[in-house]
Amino acid sequence: MAGKQGPDCCCGLLKLLFEIILAVLISIGIAALIFWLIFRPVNLVKFHVTEAELTRFNLTTNKSVLNYNLKLNLTIRNPNKKIGVYYDRLEARAFYDDQRLGVADVAPFYQGHKNTSVVSPAFAGQKVVGSELSSFNKEKAAGVFDIKVKLYLRVRFKPKVKCDLNVPSSSKNGGSSANFQTTKCDIDWNIF
């Protein structure tokens, strides 16, 4: 009966294929568990905007160009006892009324364990906006502008950081007596 192939042979091949796939999935799961146990996000890096200065934020007379000058102090705290973080790229983007104002790149740096670093991105320039800014006049009257800052980082993990800011104007023609309040930023950790 040499060379006979029947249902037992096909079942054996399917069983072997299933066992190989199962072994690969279990290996990937164990590797992911070990990675998580080593780098588990118990003590995540924390981002806060501690100072914001908006010295120029106005529309031209025909309301088509927004002039802006925004400076931030961004505090980054690494509370981990054993893990340092290499920031290969840190790019800050400022938005107003869903329109990007500008981009500020921060030089690469290393942050040791249990360390706090301060970086100072600055945004200055002009943005052609037409008449699309729906809340500008209301916010100008209040003296506080709703500006969003998003950070794009390249580190060992790939977090995305979003900071929703209420920045009081300190310009001469629309000054506010309000002080900037330190604002905690939200972090989206994309580990896998």
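Three salt bridges are counted in this predicted model, a salt bridge being a side-chain nitrogen of Lys or Arg within 4 Å of a carboxyl oxygen of Asp or Glu. Because the model is predicted, local features need pLDDT of at least 70 and side-chain atom pairs count only at pLDDT 80 or more, while totals for chains, interfaces and linings use all residues. Residues are numbered from 1 along each chain as its sequence is written, and side-chain values use heavy atoms, with hydrogens and water left out. A search of the whole structure also finds one disulfide.

**Salt bridges**

- Arg-93 pairs with Glu-91 in a salt bridge whose closest N and O atoms are 2.5 Å apart.
- Of these partners, Glu-91 is buried at a relative accessible area of 13%, whereas Arg-93 is partly exposed at 22%; here buried means under 20% relative accessible area, exposed over 50%, and partly exposed in between, with a 1.4 Å probe and protein chains only.
- Lys-148 forms a salt bridge with Asp-146, the closest N and O atoms being 3.7 Å apart, and Lys-148 also forms a salt bridge with Asp-164, where the corresponding separation is 3.6 Å.
- Because Lys-148 lies in strand E9 (residues 144–154) and Asp-164 in strand E10, their salt bridge ties together parts that are 16 residues apart in sequence; helices (H or I, at least four residues) and strands (E, at least two) are DSSP runs, numbered from the N terminus.
- Through shared partners, salt bridges join Asp-146, Lys-148 and Asp-164 into one network.
- Each member of this network is partly exposed, with relative accessible areas of 25% for Lys-148, 30% for Asp-146 and 35% for Asp-164.

**Disulfide**

- Cys-163 is joined to Cys-185 by a disulfide with an S to S distance of 2.2 Å, under a criterion that requires a pair of cysteine sulfur atoms within 2.5 Å.
- Cys-163 lies in strand E10 (residues 158–168) and Cys-185 in the loop between E11 and strand E12 (186–190), so the disulfide ties together parts that are 22 residues apart in sequence.
- The torsion about the S-S bond of Cys-163 and Cys-185 is about 105°, and the disulfide is therefore right-handed.
- Both cysteines are buried, Cys-163 with a relative accessible area of 1% and Cys-185 with one of 4%.

**Surroundings of Thr-183**

- Thr-183 belongs to strand E11 (residues 183–184) and is buried, its relative accessible area being 15%.
- The side chain of Thr-183 reaches the backbone oxygen of Gln-181 at 2.9 Å.
- Once neighbours within four places in sequence are left aside, Thr-183 is in contact with Phe-47, His-48, Val-49, Asp-164 and Leu-165, where contact means heavy atoms within 4.5 Å.

**Nonpolar surface patch**

- Phe-18, Leu-22, Ile-26, Ile-30 and Ile-34 make a nonpolar surface patch of about 490 Å².
- Patches are made of residues with over 30% relative accessible area and no salt bridge, like charges being joined within 9 Å and nonpolar side chains (Val, Leu, Ile, Met, Phe, Trp, Tyr) within 5 Å; the accessible areas come from the Shrake-Rupley method with a 1.4 Å probe, and for residues only the protein chains shown count as cover.
- Phe-18, one of the patch residues, lies in helix H1 (residues 7–39) and is exposed, with a relative accessible area of 57%.

Terms used
A polar contact is a pair of N or O atoms within 3.5 Å; within protein, one must be able to donate a hydrogen and the other to accept it, and residues adjacent in sequence count only if both atoms are side-chain atoms.
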